Amino acid sequence: QAKSNGRNNYQFFTADMNARASERLSLETSMRDALSRGEFEVFFQPQVGLEHGQIIGAEALVRWNHPTQGLVAPSKFIPIAEESRMIVPLGNWVLRRSCELAAQWQREGLPPITIAVNLSPLQLHQSNLLDLIQDALDTAGLDAKYLELEVTESVVMQEVEHVMAMLHGIKQLGVKLSLDDFGTGYSSLSYLKRFAFNKLKVDQSFVRDISSDANDAAIVLAIIGLGKTLGMSVLAEGVETDLQLEFLRRAQTDSIQGYLYSKPLPSDAFRLLMLENRPLKMPEIELFH
Ligand code: C2E
Ligand code: MG
Ligand code: MG
Ligand code: MG
């Protein structure tokens, strides 16, 4: 009895694995030509300064309009792109496209903002990365100070010397650097000291229950304190509610990014949002008295 159950479970398990493996394979295969077919698109999510409630930047987030599967979420294709190394050409394309749009918006007279582009660990290992970044800026006609590159903690932990040298090179180009998803990886605080990131992004998993979970609240306060002490600007990710905003404002978070102000938008919609110039509504409620 147990034996046959075991076998059934085994068969069920392999069938499921086969299904997932073939979905993976089909995504990987269709991703190969997706770039040249123009199926990728860059969306932009505003980052809002809490001093004045205005847009100060935007994160570039890639989207894939798959011909048969519709919009595929990054959580589904980014890991596959990393494994197949497709993330390198894809990431470089996102970088160039983001610089091009940022420069175009500035030429139209929109207030200049910083565009933050995610950089995969594999991209950091391209020996010509600095040239690629400089070329993306030059081709677009964008001043380096308007570009920010986001790396995660995991990046800093692998091949530390190479990565540190690359990050310093990026900084020397005049490009800004931010540490993404902070608190979820294994970064050692000594690297934070050794390398001065311009910005620390508090991961959304800590922000979610900030106003109900005392541990999350304490962690976020500690991260903000750490960032400020080390001279970094602190941004909170995944801000969805007025309660979260109020907590973060009191804790002197510099900026936020999240659905409360706006979801990531197609470039045209983002451009219209900038034209609209709508400030973030700051709640007036007094919470901690
Ligand atoms: P990330 O860099 O941490 O980006 C933030 C993610 O949080 C985005 O998910 C964004 O849509 C989502 N988000 C923003 N505000 C909220 C909110 O209020 N609530 C919730 N629940 N989520 C919010 P997205 O666009 O699905 O991207 C997921 C991840 O995929 C990114 O996380 C990043 O790691 C990766 N990714 C996206 N685009 C690129 C890219 O061009 N290159 C690389 N290397 N990775 C990318
Ligand atoms: Mg990011
Ligand atoms: Mg993040
Ligand atoms: Mg994330």
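This is a chat about the ligand and the metal ions in a predicted model.

Student: Okay, where does ligand 1 sit?
Tutor: Ligand 1 is in the largest pocket. Keep in mind that the model is predicted.

Student: Which elements give two or more residues to the shell around ligand 1?
Tutor: Those are β2 (55-66), α2 (74-83), α3 (87-107) and β6 (176-182).

Student: And which one gives the largest share?
Tutor: That's β2, with four residues of the shell around ligand 1.

Student: Which residues come nearest to ligand 1?
Tutor: There are 22 residues around ligand 1, and E59, R63, D180, E240 and Y259 come nearest.

Student: What kinds of residues make up that shell, nonpolar, polar or charged?
Tutor: A mix: nine are nonpolar, six are polar and seven are charged.

Student: Can you give me some actual distances to an oxygen atom of ligand 1? What about E59?
Tutor: Sure. E59 has a polar side-chain atom 2.9 Å from an oxygen atom of ligand 1. For D180, a polar side-chain atom is 2.9 Å from an oxygen atom of the ligand. Q204 has a polar side-chain atom 3.1 Å from an oxygen atom of ligand 1.

Student: How much of ligand 1 does the protein cover?
Tutor: On its own, ligand 1 has 800 Å² of accessible area, and the protein covers 81% of that.

Student: New topic, the metals. What coordinates the magnesium ion that's ligand 2?
Tutor: The magnesium ion (ligand 2) is coordinated by E59 (OE), N118 (OD1), E150 (OE) and D180 (OD), at 2.0 to 2.3 Å. So you meet E59 and D180 again here: both are also on the list of residues that come nearest to ligand 1.

Student: What spacing do those donors follow along the chain?
Tutor: For the magnesium ion (ligand 2), the pattern reads E-x58-N-x31-E-x29-D. Take two of them: N118 is in strand β4 (residues 114-118) and E150 is in strand β5 (residues 147-152), 32 residues apart, and the pair links distant parts of the chain.

Student: And what coordinates ligand 3?
Tutor: The magnesium ion (ligand 3) is coordinated by D180 (OD), D181 (OD) and E237, which is listed twice, each time as (OE). The distances run from 2.1 to 2.5 Å. Along the chain, the donors of this magnesium ion follow D-D-x55-E.

Student: Which residue bridges the two magnesium ions?
Tutor: D180 does. The magnesium ion (ligand 2) and the magnesium ion (ligand 3) are 3.9 Å apart, and D180 coordinates both.

Student: Switching to the backbone: what's up with the phi of D181?
Tutor: D181 isn't a glycine, yet its phi is positive, about 55°. D181 is in strand β6, and D181 is also one of the residues coordinating the magnesium ion (ligand 3).

Student: What about the phi of R85, and where is R85?
Tutor: R85 has a positive phi too, about 70°, and R85 isn't a glycine either. You'll find R85 in the loop between α2 and α3.

Notes: Residues are numbered from 1 along each chain as its sequence is written. Chains are lettered from A and ligands numbered from 1 in the order in which they are written. This is a predicted model: local features need pLDDT of at least 70, side-chain atom pairs count only at pLDDT 80 or more; totals for chains, interfaces and linings use all residues. Side-chain values use heavy atoms; hydrogens and water are left out. A residue is near a molecule or strand if one of its heavy atoms lies within 4 Å of it. A polar contact is a pair of N or O atoms within 3.5 Å; within protein, one must be able to donate a hydrogen and the other to accept it, and residues adjacent in sequence count only if both atoms are side-chain atoms. Accessible areas come from the Shrake-Rupley method with a 1.4 Å probe; for residues, only the protein chains shown count as cover. On a 1 Å grid over the protein atoms alone, a cavity is a set of points where a 1.4 Å probe fits but cannot get out, and a pocket is an open set with protein on both sides within 12 Å along at least five of seven lines; lining residues have an atom within 4 Å of a point. A molecule sits in a cavity or pocket if more than half of its atoms lie within 2 Å of its grid points. Ala, Val, Leu, Ile, Met, Phe, Trp, Tyr, Cys and Pro count as nonpolar, Asp, Glu, Lys and Arg as charged, and the others, Gly among them, as polar. Donors are N, O and S atoms within 2.8 Å of the metal (3.2 Å for Na, K and Ca); water is not among the atoms, so sites may look incomplete.
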